[in-house]
Amino acid sequence: MAAPPNIEDGQSTYMPPRFNGQYYGWWKTRMHDFIMAEDSELWDVNYDGPFVPTKNLCNPAVAIPKTRKEFNKVNRKVVEKNFYAKKILVCGIGPDEYNRISASQTAKKI
């Protein structure tokens, strides 16, 4: 994996590395490390997809997604992880890449 010849924006422990359309392997490794350092559960959201809180109905039990009004504090915290992971990914890409992923609803799809 070759490092880019010019170091660009995003060379901070506070900002995610910026993908400029080149050196994807370099960016991917750095983004993985940045996300893991923020919160290791965020990488699980990227890899596995978001957590969807469910409730059981009827007998035999059938799991269906809860509405947002039915979320408890724990559900909200876990669901927020997807949005936090999305925020980090979106902050680490340029406008060309953003146009390709802007309709994605989950960090995993991005």
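Contact here means heavy atoms within 4.5 Å. By that yardstick, and leaving aside neighbours within four places in sequence, Y84 is in contact with E38 and L42. The model is a predicted one, and Y84 makes a handy way into it. This tyrosine sits in helix α3 and is partly exposed, since its relative accessible area of 29% falls between the 20% and 50% cut-offs. Across from it in the chain, I35 is 49 residues away, yet the C-alpha atoms of Y84 and I35 are separated by 9.9 Å.

Helix α1 comes next. It runs over residues 24–38, and its 15 residues should span 21 Å at 1.5 Å a residue; the end C-alpha atoms are indeed 21 Å apart, so the expected and modelled lengths agree. Its buried residues are W26, W27, M31, F34 and I35. These take up an arc of only 155 degrees around the axis, which means that they lie on the same side of α1. As for what covers them, the list includes α2 (40–48) and α3 (73–91).

Helix α3 tells a matching story about length: 19 residues at 1.5 Å each should span 27 Å, and the end C-alpha atoms are 27 Å apart, in agreement. Buried along α3 are N75, V79, N82, A85, K86, I88 and L89. That set takes in asparagines and a lysine as well as nonpolar residues. The buried residues of α3 pack against α1 and α2.

The packing of these helices leads on to the core. In soluble globular proteins, nonpolar side chains tend to be buried together. The largest nonpolar core here has 13 residues, and the members that touch the most others are M31, I35 and I88. Helices α1, α2 and α3 are the elements that give two or more residues to this core, with α1 supplying the largest share, four residues.

Two of those well-connected members deserve a closer look. M31 belongs to helix α1 and counts as buried because its relative accessibility is 2%, under the 20% cut-off. Not counting residues up to four places away in sequence, M31 touches P16, P17, I88, L89 and G92. I88 and L89 are also among the buried residues of α3. Towards the end of the chain, S104 lies 73 residues along from M31, and the C-alpha atoms of the two are separated by 18 Å. I35, for its part, is in contact with S40, L42, W43, N46, I88 and L89, again with neighbours within four places in sequence left aside. I88 and L89 thus turn up in the contacts of M31 and of I35.

Aromatic residues give another thread to follow. A search of the whole structure turns up three aromatic pairs. In one of them, F19 and Y24 have ring centres 5.8 Å apart and planes at 85 degrees, so this pair is edge-to-face. F19 also pairs with W27, this time in a tilted arrangement, with 5.2 Å from centre to centre and 45 degrees between the planes. F19, Y24 and W27 together form one aromatic cluster. Burial varies within the cluster: F19 and W27 are both buried, F19 with a relative accessible area of 11%, whereas Y24 is partly exposed at 47%.

Just ahead of Y24, the backbone does something worth flagging. Phi of Y23 is near 60 degrees, a positive value in a residue other than glycine. Y23 lies in the segment before α1 and is partly exposed, with a relative accessible area of 33%.

F19 also links up with helix α4. This helix covers residues 95–101 and holds E97, which is in contact with F19, N20 and G21 once neighbours within four places in sequence are set aside. Despite being a glutamate, E97 is buried, because its relative accessible area is 11%, under the 20% cut-off.

Finally, the cysteines. The structure holds zero disulfides. C58 counts as exposed because its relative accessibility of 71% is over the 50% cut-off, while C91 is partly exposed at 44%.

Methods:
Residues numbered from 1 in each chain as written. Predicted model: local features only at pLDDT ≥ 70, side-chain atom pairs only at ≥ 80, totals over all residues. Heavy atoms only, no water. Buried < 20%, exposed > 50% of the residue type's maximum accessible area, 1.4 Å probe, protein only. Expected span 1.5 Å × (residues − 1). Arc of directions from axis to C-beta. Disulfide = S-S within 2.5 Å. Core = buried A, V, L, I, M, F, W, Y, C linked by side-chain atoms within 4.5 Å. Phe/Tyr/Trp six-rings, centres within 6.5 Å; stacked < 30°, edge-to-face > 60°.
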